[in-house]
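Colleague: I should like to ask for a close look at a single part of this model. Please explain it in connected steps, as one would to a first-year student.

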Amino acid sequence: MVGNSAGFPMGQSHPLDNSVYSALTGPHAHFAQRRGNALRYPLDVSPFMALPDSPDDADWADIAALAGPGGGVTLTGLTVDPPDGWEVVMRGAVFQLIDDGIAAVPDEEAVPLTQADVPEMLALTERTKPGPFLPRTIEMGTYLGIRHGGRLVAMAGERLRLPGWTEISGVCTDPDWRGQGLGTRLVLAVAAGIRKRGETPFLHVVASNTNAVRLYESLGFRPHRTAALVVTRPPA
């Protein structure tokens with residue numbers, strides 16, 4: 001994994017390096033709950049929170065206040081460690097992959113999903129565990145689904161949106177319908193919508209999910225960087 005995309009000025013922070021902060025200070029600013037320089041999505045939209053690139057003690061105090069008593073802080077992209085006394089609940093790595101010539105194309109069977117579909121979307125993500133999907137996650141961007149016999153069997157959509165970039169997320173297929181390429185078709189269809197807006201698709205994959213990494217690379221995504229994923233809790 002490389003530290004910066006080709007063609008981006010060296011020494012200048014890339015928007016993807018602190019993607020949640022870039023989103024909440026950019027196209028997703030209308031979601032932002034803020035205290036000082038600390039930001040978060042509403043609890044029913046996304047669990048992600050964000051700090052500036054080089055947070056100081058006041059920033060950590062502000063994000064602790066945003067989390068509330070006993071609340072966890074979910075951060076991604078930052079390489080700094082939490083201050084002394086903070087409990088690290090989970091630490092992992094995710095690969096960030098960006099569009100490098102994927103064959104993005106609309107899909108005739110993919111239909112836009114709406115608020116009326118949220119109960120089915122929540123049920124599908126509960127069965128398949130693609131990552132956090134909450135009652136208002138659908139508000140983060142466009143979601144597409146494929147139905148068979150009236151039943152939602154696969155979906156994919158947009159999560160983080162930052163200047164010039166949109167993340168593809170929520171990619172999942174019902175176990176009874178796997179192996180038919182539905183997820184791939186939806187990824188390409190979502191990517192086509194992102195490209196139509198003049199933005200570049202990207203996505204995150206848990207580093208241990210090597211099968212998914214290989215699949216996305218075969219579609220034309222290329223590695224950009226490795227990001228940290230940390231869930232931490234401030235002192236009581």
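Which residue in strand 11 does threonine 74 stand opposite?

Modeller: The model is a predicted one. Threonine 74 stands opposite valine 231, a residue of strand 11. A general point helps in reading such a pair. Strands of a sheet pair through backbone hydrogen bonds, and the pairing is either parallel or antiparallel. Here strand 4 (73-76) and strand 11 (221-233) pair in the antiparallel sense, over four bridges.

Strand 11 has a further partner to consider. Strand 5 (87-99) pairs with strand 11 in the antiparallel sense over 12 bridges. Within that pairing, isoleucine 98 has arginine 222 of strand 11 as its bridge partner.

The pair of strands with which we began also takes part in a cavity. The structure holds one cavity of 30 Å³ or more, and the space in the largest cavity is about 60 Å³. Its lining consists of Trp60, Leu75, Thr76, Gly77, Leu78, Val80, Pro82, Ala228 and Val230. Strand 4 and strand 11 each supply at least two residues of this lining.

Strand 4 and strand 11 also contribute to the largest pocket, since both are among the elements that give two or more residues to its lining. Strand 5, strand 8, strand 9, helix 4, strand 10 and helix 5 do so as well. The largest pocket holds about 1100 Å³ of space. Its lining comprises 42 residues, and Pro130, Gly131, Val171, His204 and Asn209 are those that lie nearest its centre. Strand 9 gives the most to this lining, namely seven residues.

Helix 4, one of the elements of the pocket lining, leads back to strand 11 by another route. Among the buried residues of helix 4 are Leu182, Leu186, Val190 and Ile194. An α-helix has 3.6 residues a turn, so residues three or four places apart point the same way. The list of buried residues in helix 4 also includes Gly183, Val187, Leu188, Ala189, Ala191 and Ala192. The buried residues of helix 4 pack against strand 11, and also against strand 7 (143-148), strand 8 (151-162), strand 9 (165-173), strand 10 (200-206) and helix 5 (210-219).

The length of helix 4 can be checked by simple reasoning. At 1.5 Å a residue, its 15 residues (182-196) should span 21 Å, and because its end C-alpha atoms are 21 Å apart, the expectation and the model agree. Helix 4 is followed by glycine 198, which has a positive phi, near 85°.

Helix 5 contains leucine 215. This residue is not counted as buried, because its relative accessible area is 38%, which makes leucine 215 partly exposed; buried would require under 20%. Leucine 215 and leucine 162 are 53 residues apart in sequence, and their C-alpha atoms are 24 Å apart in space.

For a further example of antiparallel pairing, one may turn to an open sheet of three strands, whose order is 1-2-3. Its edge strands, strand 1 (33-35) and strand 3 (49-50), each pair on one side only. Strand 2 (residues 38-40) is joined to strand 3 by two bridges, and leucine 39 has alanine 50 of strand 3 as its bridge partner. Helix 2 (residues 57-67) lies across strand 1, strand 2 and strand 3, and runs at about 30° to strand 2.

Note on methods. Residues are numbered from 1 along each chain as its sequence is written. This is a predicted model: local features need pLDDT of at least 70, side-chain atom pairs count only at pLDDT 80 or more; totals for chains, interfaces and linings use all residues. Side-chain values use heavy atoms; hydrogens and water are left out. Two strands pair if DSSP finds at least two bridges between them. Contact means heavy atoms within 4.5 Å. Axes are lines fitted to C-alpha atoms, for helices over the stretch in contact, and angles run from 0 to 180 degrees between N-to-C directions. The expected span of a helix is 1.5 Å times one less than its number of residues. Buried means under 20% relative accessible area, exposed over 50%, partly exposed in between (1.4 Å probe, protein chains only). On a 1 Å grid over the protein atoms alone, a cavity is a set of points where a 1.4 Å probe fits but cannot get out, and a pocket is an open set with protein on both sides within 12 Å along at least five of seven lines; lining residues have an atom within 4 Å of a point. Grid points are joined across faces, edges and corners, and a volume is the space filled by probe spheres set on the points.
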